[in-house]
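Student: I would like a close look at a single part of this structure, with the rest kept as background. Please choose the part, and explain the terms of the reasoning as you go.

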Amino acid sequence: MQLGFLKQFQKHKKESAFIMRKQTKLVAVVSASALLALGASLTSFAASKGTWMMVDGEWYCYDKNGDAYENTFCTSNGKDYYVGDDGQLVRSAWVEDDGNYYFVNSAGQKITNDWRLTAPYDDDSAEEQWYYFKSNGKRAEDEKITYKGKTYFFDSEGEMLTGWVQKSGDGWDEASTADVKGIETYYCDETGARLENSWVYDYAPDVDQDDINSDDDEHWYYLKSSGKAATGKKSNVKGQTYFFDEEGKMLSGWVVKTGSNGYTQAWNDDDDTDGHFETTLSELNASEIHFCGDEDDGHMKKDKWVKAYSNTQYGEDDDDNDKYWFWINKSGDVYVPDDSKETGIGATRYKLDDCEGDTFDDQFKEDNYDDDDNTIGLTMYEKKINSKTYYFNANGQMLSKFVKTDASDEEDGVAKMYYLGGWDDGYRKDGSQTIKDESGSAARFYFATSDNKDEGYFNAAGINGAKSGKLYSDGLLVTADDDKYEIKDVTIYTVAEGQTTATAQVASYIVNKSGSIQTAAKEYKDDDDVVVDATGFSFSGTKGALYKSFNTSTVATGSNATK
C-alpha cells in the first residue's frame, strides 16, 4: 500500500470528525425528544412511582401523600425521569445520583445505550466531550465498551479517549509511555473507535500532544486485528511484510534482525547525526538484513534488485553520494557475503582510461567508483542470479566495469580480467564486447566463453593471446600503433592437463592495424619501408599462428609490447 496516500486521508478524516460528531448529537437529541414528549396536552397522568402533574408549565412527580419527589428518578411507561432538589423535572442535563452519573435529554428522560456530546459534569465552560451511557443509564467510566461492533475506551471521568490509549490500573487513560509491548496499548481514531487492521501516522504514545517540540517525529504504526500495535516482523499486511521496533514504530530503509524477533534500522537519520552510520553491512554480522524503502513505503523488498545508498550513507542528505545495486532474494534477505559460508577472492577495480595506450598502466586506471569506503583493492564474491554471474563486495554492493583478480588468490595462479558491464548492468560478460574508454573511444575486447586452460582460455576472463586470428591482452584487442605492422609481446598462461597451476610464456606476434595476426614468413612493409622482416621465421599453426621463433638480432621485439 502507499502509506503517503493514507497519511493525507487521515488528515482529512481528522478535519471531518468534529462535523460528524455534531451531526450525531443532533440525531440523538431529536430522536429522544420525539419519543419522550410526555403528553404535553395533558396536565397530569399516573406514573409507576407517584403521579406526574404540570404546574406552571413544569412537570412534577408527587407521592401518594401529595408531596413532590426530589432528587430521584421517577418512572413512567418504563422510562426514568429525574426530578431535582425543587421537585421539578430536569431536562438536558447531567444528573448525579448515589455517586453515579447520568444524563437526561430534552424530554427529561434518562438516556441509555446512547452517546452524548456535552461539557463535563462539573464544568459547563469546558470543551465538550463524548460520553456513553450504558443500558442502566450510568456513565461508562474506566472501561472499554463495544458499540455496534467497535471498541471504545473511557477514562475515570467518563470522557471518551482518542489517540493512544493505555491500561492504567483497573481503568484506561491517555498513553504516557512508549512501551506498547509491556503495557496494553491501543489507538483510537477521532470518532473514538479502536483501530484494527489499520495504519496510523502519529507521534509516539509518550509524546504530549499539547506540547510537541522539534525533537518529536511522527511515525507509522500498524494496529493488528486485536488493536495492539505490531512489533517485530509482521507478514501478510495486504500481501506485504513490514518490520517494527519494540515501540511499534515502522522501520524503513536498511533493517536488521537483533534478536529472536527484534529488528532495528541500520542507518541514522540526518536530523540527528548528519545521517552517517558507522557500521557497514558486513560488520553488522546480522542473521537477517532487509531493505524496506522510505518511510512512506516501508514494506520489505524481495526477489528483485534495488538501487539504494549504502547503509552508512542512507540517512545523509548529500546528492553527491552514489547509489549501489543490491540483490534481494525471495525471502527478502539482502545478499551480503558471509565469509563463514563462502570464499571471496582478492581483486582490483579498473576503468578503461585510454584504449590506445601502449601499456596496461596506460590503458587501465585503478578506480574506486567513488565508493563510500574509497576501496580500490577488495575482496569480491561470485554469485549466480537468474543464470547470470555477478560479483559483489563485502557489503553486498554489486560490482561493475573491470575487475582483475589477484593471482595469489587464484588456485591456478593466473590473474584474470573480467568485464561486468556498466553501472546499471553488472553481470559478467563473455565473448566479443565493444567498450568505450573515458574519452568515448570504442575498443574491442574478447572474453573467453568457456574453460580451455591448456590453450590459455579461462572462462569469462579476458583472453591473453590469439583468438580467431586476432591478438588480445587482458581481453583488449592488440593492434599496430605507429607502423602498419608491428611485433607485440603477450604473456600467455596455460595449465597443462593433470596440473593445477599455470605456466607463463611470453609469446610474440606480428599484427596489423586491425589486430589481425600475420603468419607469412616474409617482409612486412609500410609504404616502401620494411617494418618487420619475418623472412625465414616459423609460426605456430595453433590459435592464430603463434610467432614462436625469430632472430632477436635482426627483429626488434617488444618495443611496442602490450604487456
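Tutor: The part chosen here is the largest cavity and its surroundings, followed by some strand pairs and turns elsewhere for background.

The model is a predicted one. Its protein chain has four helices and 39 strands. Of its 563 residues, 46% are buried. Its accessible surface is about 27800 Å², and carbon and sulfur atoms supply 40% of that. Among contacts with a separation of 6 or more, 50% join residues 24 or more positions apart.

Now the empty space. Rolling a probe the size of a water molecule over the atoms shows where empty space is left. Two cavities of 30 Å³ or more are counted in this model. The largest holds about 70 Å³ of space. Its lining takes in V414, A415, K416, A448, G456, Y457, F458, A461, G462, I463, N464 and Y493. Sorted by kind, the lining has eight nonpolar residues, three polar ones and one that is charged.

Two of these lining residues lead outward to other elements. One is G462, which lines the cavity. G462 is 30 residues away from S432 in sequence, yet their C-alpha atoms are 9.9 Å apart in space. S432 belongs to strand 30, residues 431–436. Its relative accessible area is 45%, and S432 counts as partly exposed because that value falls between the limits of 20% and 50%. Leaving aside residues up to four places away in sequence, S432 touches R444, F445 and Y446.

The other is Y493, also part of the lining. Strand 35 spans 485–494, a range that takes in Y493. Strand 35 belongs to an open sheet of three strands in the order 35-36-37, with antiparallel pairing. Strand 35 and strand 37 (517–518) are the edge strands, since each pairs on one side only. Strand 36 covers residues 503–512 and is joined to strand 37 by two bridges. Within that pair, V511 has I517 as its bridge partner.

The loop leading from strand 34 (476–477) to strand 35 holds D481. D481 has a relative accessibility of 27%, so it counts as partly exposed. D481 and N512 are 31 residues apart in sequence, while 8.5 Å separates their C-alpha atoms.

Next come the strand pairs for background. Strand 4 (residues 72–76) has four of its five residues buried, so it is largely enclosed by the rest of the structure. Strand 4 pairs with strand 5 (residues 79–83) in the antiparallel sense, over five bridges. T75 faces D80 across this pair. Two residues separate the strands in their hairpin, where N77 has a positive phi near 55°.

A second hairpin is made by strand 26 and strand 27, also with two residues between the strands, and N386 in its turn has a positive phi of about 50°. Five bridges hold strand 26 to the antiparallel strand 27 (residues 388–392). In this pair, Y381 stands opposite F392. Strand 26 (residues 377–385) has another antiparallel partner in strand 24 (residues 345–352), with four bridges between the two. There, T348 is opposite G377.

The positive phi values deserve a remark. Most residues other than glycine have a negative phi, and most peptide bonds are trans. N113 has a positive phi near 50°. N113 sits in the loop between strand 7 (100–104) and strand 8 (114–118), and with a relative accessible area of 43% it is partly exposed. N236 has a positive phi near 60°, but N236 is placed within strand 17, residues 232–237. N236 is exposed, because its relative accessible area of 69% is over the 50% limit.

To return to the chosen part: the largest cavity, of about 70 Å³, has both G462 and Y493 in its lining.

Key:
Residues numbered from 1 in each chain as written. Predicted model: local features only at pLDDT ≥ 70, side-chain atom pairs only at ≥ 80, totals over all residues. Heavy atoms only, no water. 1 Å grid on protein atoms, 1.4 Å probe; cavity = no way out; pocket = protein on both sides within 12 Å on 5 of 7 lines; lining within 4 Å. Points joined across faces, edges and corners; volume = space filled by probe spheres on them. Nonpolar A, V, L, I, M, F, W, Y, C, P; charged D, E, K, R; others polar. Pairing = 2+ DSSP bridges. Buried < 20%, exposed > 50% of the residue type's maximum accessible area, 1.4 Å probe, protein only. Contact = heavy atoms within 4.5 Å. Areas by Shrake-Rupley, 256 points an atom, 1.4 Å probe, with all protein chains shown as cover.
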